[in-house]
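Here are a few short exercises to work through with the model open beside you. Try each task before you read its solution.

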Amino acid sequence: MTLLSVKNLRVTFDTEAGVVEAVRGVSFSLGRERLGIVGESGSGKTQTGRSVLRLIRPPGRIEADAMTFDGIDLMKASERDMRALRGPRIAMVMQDPKYSLNPVMRVGEQLMEGLRQRDGMGKKEAHAKAIEALAAVQIRDPERVMDAWPHELSGGMGQRVMIAMMLIPNPDLLIADEPTSALDVTVQAEVLSILDNLVRTRGMGLIFISHDLRLVSRFCDRVLVMFKGKVVEELPARDLMKAQHPYTQGLLNCLPRIGGPREPLPALDRNAAWAN
Amino acid sequence: MALIEIDTLSVTFTAKGRPVRAVKGVSLNVAQGESYGLVGESGSGKSTILRAICGLAPVSGGTIRIGGQPLPHPRGPAFSRQVQMVFQDPYASLHPRHTIDRTLSEPLAIHGIGNTDQRVTQALNDVGLPPNFRFRFPHQLSGGQRQRVAIARALMLEPSILLLDEPTSALDASVQAETLNLLNRLRAERGLTFLMVSHDLAVIDHMCDRILVMQHGQAVEELPREALARAEMKTDYARSLFAASADRMLGA
């Protein structure tokens, strides 16, 4: 069953220097599965994710032939309808906890805000639920973290807090924008297995945005490789090592490997013609 | 004799009246010209060791010696000429309202080194940035370019030791490759000694000769690079860290 379908999505920004096309005709559909979107910074992968939630502010413009989520036309939905979707139905884990958490609000209050406001939950119940969510993302001392300010958390802790926050309302679709880039490998593995579990047990759809091709291939079912606003290759994650496109191969080869040679790592070939 | 000698170093912070022991009796030695890696999960105290060397963390026990000399407190100008640090986040470690030129020439001005013009141009050239970047502000640069500026700044005083705190974890895979290549080239050209922190075993393996695995502020296991590639760890924690990076293995 298709949860989200996007056809010919374009995101353009009118800037002083002219029109910048961040996303140029991206199409994909997503069931209750894990879709990876990979590319370098500036390839349009984040803008694609944000477009689904219509989180692109003017002068940015979203155009698409069709963009539907669970039968709802996202291009035609009112701002009010979109607000109702964001959070409970489609949640997004942002990239950087430093900029995405409210710096003047304790972590606990931020976690409980949605539960108290949206779900009208009592303070005690919301507190218990928030603690439970923090424990679910493997935070060792949830009581202490509840009382902490965002600046007192390390990057990894902050990222886990954001994931906990997004998972509380149990969304149907989770858009995770580089959710584990700031985390170290062991925590990364834990967070991924948490996400993996949620996708499977709750039947959630997941869009996983990352620049780390190997991570995506291990974790997702399907992978879109983006370059300069276009999808250059789409393939099942298990066939990644057989990728045909030179850009995909370049992304795979520029990562250092344990036990690999000490020579300089191959630089990525960025041939502008691939995006035409 | 090792260039950097750290003996049973402890660092204790006070958070809300209770002590937090970030580093508990860690010892390590780094030889001249060596590249030494610290690995562990966040909160394991690996960055705190680098900060303690720079005098940015409250040392509560143990000693740090560089070139056999204990470090003065506060660290003097001689220390800055010998040891420099590159921080994790190039978005936060450059002054947003100073041009690149000002960022790079400030250490020269402080240390009374002349010939600023030529040195700044040379520094940009060394890290592979065009000379016209001098008059840009950090927000006009990409993450990889900013990290190059941070590396150039660290090299302005021609130090012999670079402390690298996750220098590529904020960067894309492709930009990471370029930055690691740059660091390796500079180390070879200038005979630098690296003490590098990362949570990515593959990056550490690519860059470092010896590795210290840390957990909860303690040293778990020290192993040479060859042992890492052959998965010859003695402790369970090091093994679990290695297992979590299995997709970073050659041929995986």
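**Exercise 1: chain B as a whole**

Task: Find what share of chain B is buried, then judge how compact the chain is.

Solution. Keep in mind that this is a predicted model. Start with burial: 46% of the 252 residues in chain B are buried. Next, take stock of the secondary structure, which comes to 9 helices and 10 strands in chain B. The radius of gyration of chain B is 18 Å, and the globule rule also gives 18 Å for 252 residues, so chain B is as compact as a globular protein of that length. For the dimensions, the C-alpha trace of chain B spans about 50 × 45 × 40 Å along its principal axes. Finally, look at the contacts in chain B with a separation of 6 or more: 68% of them join residues 24 or more positions apart.

**Exercise 2: one residue in a loop**

Task: Locate Ala64(A) and decide whether it is buried or exposed.

Solution. First, place the residue: Ala64(A) sits in the loop between β4 (60–63) and β5 (66–69) of chain A. Second, count neighbours. Ala64(A) has 21 C-beta neighbours inside 10 Å, and the cut-off for buried is 20 or more. Ala64(A) therefore counts as buried. Third, list its partners, leaving aside neighbours within four places in sequence: Ala64(A) is in contact with Val6(A), Lys7(A), Asn8(A), Leu9(A), Arg10(A) and Met75(A). As a last step, try a distance: Ala64(A) and Arg160(A), 96 residues apart in sequence, are 33 Å apart in space, C-alpha to C-alpha.

**Exercise 3: a pair of helices**

Task: Describe how α4 (residues 107–117) and α5 (residues 123–136) of chain A cross.

Solution. Two packed helices are described by the angle and the distance between their axes. Here the axes of α4(A) and α5(A) come within 9 Å and cross at roughly 120 degrees. That angle makes α4(A) oblique to α5(A). The crossing is right-handed. Now find the residues that meet: α4(A) brings Gly108(A), Leu111(A), Met112(A), Leu115(A) and Arg116(A), while α5(A) brings Ala126(A), His127(A), Lys129(A), Ala130(A) and Ala133(A). Sorted by character, the residues of this contact are 6 nonpolar, 2 polar and 2 charged.

**Exercise 4: where the chains touch**

Task: Work out which helix of chain A gives the most to the side that touches chain B.

Solution. Begin with the totals: 27 residues from chain A and 30 residues from chain B take part in the contact. On the chain A side, α7 (155–167), α8 (185–201) and α9 (213–219) each supply at least two residues. Of the elements there, α8(A) gives the most, with 4 residues. By character, the chain A side has 13 nonpolar, 8 polar and 6 charged residues.

Notes
Residues numbered from 1 in each chain as written. Chains lettered and ligands numbered in written order. Predicted model: local features only at pLDDT ≥ 70, side-chain atom pairs only at ≥ 80, totals over all residues. Contact = placed C-beta atoms within 7 Å. Nonpolar A, V, L, I, M, F, W, Y, C, P; charged D, E, K, R; others polar. Buried ≥ 20, exposed ≤ 12 C-beta atoms within 10 Å, placed from the backbone. Axes fitted to C-alpha atoms, helices over the stretch in contact; angles between N-to-C directions. Parallel < 35°, antiparallel > 145°, perpendicular 65-115°, else oblique. Left-handed = near helix turned anticlockwise from the far one by under 90°. Rg over C-alpha atoms; globule rule 2.2 N^0.38 Å.
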